Amino acid sequence: MPNVVGKTYLAARTTLNNDEYFARVVGSDGKEWTTNIIPDDSVMAVAMKPIAGETPDTDTIYITVNMTEAEFKVAREAKRKAADIAEQEAAIAKRYTYTCGMYSSKQPIYKSYKEIWTSGDYSSGGDCYVKIDGKDSYSKVPLLPSEQKIVDFVASKGGDVSVPSATVGNVMLLCAKVKPDYADQVVARPEWRKSEAAAALTVCPDAPHAAILQHEITAVKVSDGTKIVGQTMEPGTWKTKAGVKDCYWSRNTGGGDIIDNNFVSFAPDGVTVTVFAGEGFESSRCGTWTKIG
């Protein structure tokens with residue numbers, strides 16, 4: 001009888017069948033496998049009974065393999081899922097389409113956010129739009145596993161995932177481009193914005209505007225208006241963007257007396273003010289204040 005130890009079970013079975021023997025699988029736990037379970041090439045013959053060289057009195061040869069039936073089933077299911085995911089992910093390259101600016105019959109359709117980086121639309125101030133499988137991202141498009149990971153990441157950072165496909169669309173648009181004033185915008189729910197910027201950096205860390213996205217994640221910002229330092233504005237040193245004009249700011253005591261103030265007609269480098277807990281702070285026409293210390 002030929003020696004089949006060291007071969008895959010399938011090769012071992014073929015060898016035995018050629019000599020008119022029938023093979024049965026025995027797991028590494030000593031238990032026979034169910035007859036309708038067909039091993040694949042990951043299942044190796046590690047022992048045989050009767051052993052090679054003997055003349056058996058039966059045509060059934062028991063092949064001990066390197067795993068149990070239960071282990072094989074788990075591995076087979078994992079492979080199946082991996083194959084399904086690979087098939088789905090293969091479609092990702094043509095899943096997204098982008099347009100930018102005002103609609104036009106000559107409007108280009110971009111097949112990836114990287115195409116936008118090298119286009120004239122990247123430096124323009126216009127918005128871009130994304131479709132997922134030809135549908136608006138707010139249409140609750142079913143997600144691929146990699147897209148669900150994006151949604152889970154955004155959720156872990158406190159972001160809005162009420163429409164998961166829209167969350168994915170927002171992240172993909174952040175990969176495509178950001179508006180010129182993106183870093184200066186103050187929004188009502190900064191954690192939503194920060195979470196999507198962080199997710200975008202996991203998708204497109206090589207984006208030309210990656211530094212802007214990183215700044216958005218870490219920046220603390222307030223807009224013009226009246227603030228209470230320590231409540232609606234953190235104590236510390238704050239700065240406007242460069243080039244502000246006609247900017248007025250005032251630091252006040254709790255009783256309303258002016259501690260310090262200034263009217264700045266033009267500041268090429270921006271205006272810097274340090275405020276302390278318990279003070280009032282107000283500004284107008286100064287734009288966005290970003291904490292720098």
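**Exercise 1.** Determine how strand β1 is joined to strand β3, and in which sense the two run.

*Solution.* Strands are DSSP runs of E with at least two residues, helices are runs of H or I with at least four residues, and both are numbered from the N terminus; two strands pair if DSSP finds at least two bridges between them. Strand β1 (residues 22-26) and strand β3 (residues 60-65) run parallel and are joined by 5 bridges, and within this pairing V25 stands opposite I63 of β3. The model examined here is a predicted one, in which local features need pLDDT of at least 70 and side-chain atom pairs count only at pLDDT 80 or more, while totals for chains, interfaces and linings use all residues. Residues are numbered from 1 along each chain as its sequence is written, and side-chain values use heavy atoms, with hydrogens and water left out.

**Exercise 2.** Describe the pairing of strand β2 with β3, and then the peptide bond from K49 to P50.

*Solution.* Strand β2 (residues 45-49) pairs with β3 in the antiparallel sense over 4 bridges, and the bridge partner of K49 in β3 is Y62. The peptide bond that leads from K49 to P50 is cis, with omega near -5°, and P50 itself lies in the loop between β2 and β3. As background, most peptide bonds are trans.

**Exercise 3.** Work out the strand order of the open sheet that contains β10, and locate D246.

*Solution.* This open sheet of 4 strands has the order β8-β13-β10-β11, with antiparallel pairing. Its edge strands are β8 (225-228) and β11 (258-267), each of which pairs on one side only. Between strand β10 (residues 244-252) and strand β13 (residues 280-284), which run antiparallel, there are 5 bridges, and S250 has E282 in β13 as its bridge partner. D246 lies in strand β10, and its phi is near 55°, a positive value in a residue other than glycine. At 37% relative accessibility D246 counts as partly exposed, a class that lies between buried (under 20% relative accessible area) and exposed (over 50%), with a 1.4 Å probe and protein chains only.

**Exercise 4.** Place T290 in its strand and sheet, and state which residues it contacts.

*Solution.* T290 has its place in strand β14, which belongs to an open sheet of 4 strands in the order β7-β14-β9-β12, with antiparallel pairing. The edge strands here are β7 (221-222) and β12 (272-275), each pairing on one side only. Strand β9 (residues 236-240) is joined to strand β14 (residues 289-291) by 3 bridges, with W238 opposite K291. T290 is buried, with a relative accessible area of 15%. Leaving aside neighbours within four places in sequence, its contacts (heavy atoms within 4.5 Å) are H215, A219, V220, K221, T237, W238 and K239.

**Exercise 5.** Test whether the span of helix α7 agrees with its number of residues, and identify what covers its buried residues.

*Solution.* The expected span of a helix is 1.5 Å times one less than its number of residues. For the 14 residues of α7 (residues 190-203) the span should therefore be 20 Å, and the end C-alpha atoms are 20 Å apart, which agrees. The buried residues of α7 are R193, S195, E196, A197, A198, A199, A200 and L201, and what covers them includes α5 (145-156), α6 (164-176) and α8 (210-218).
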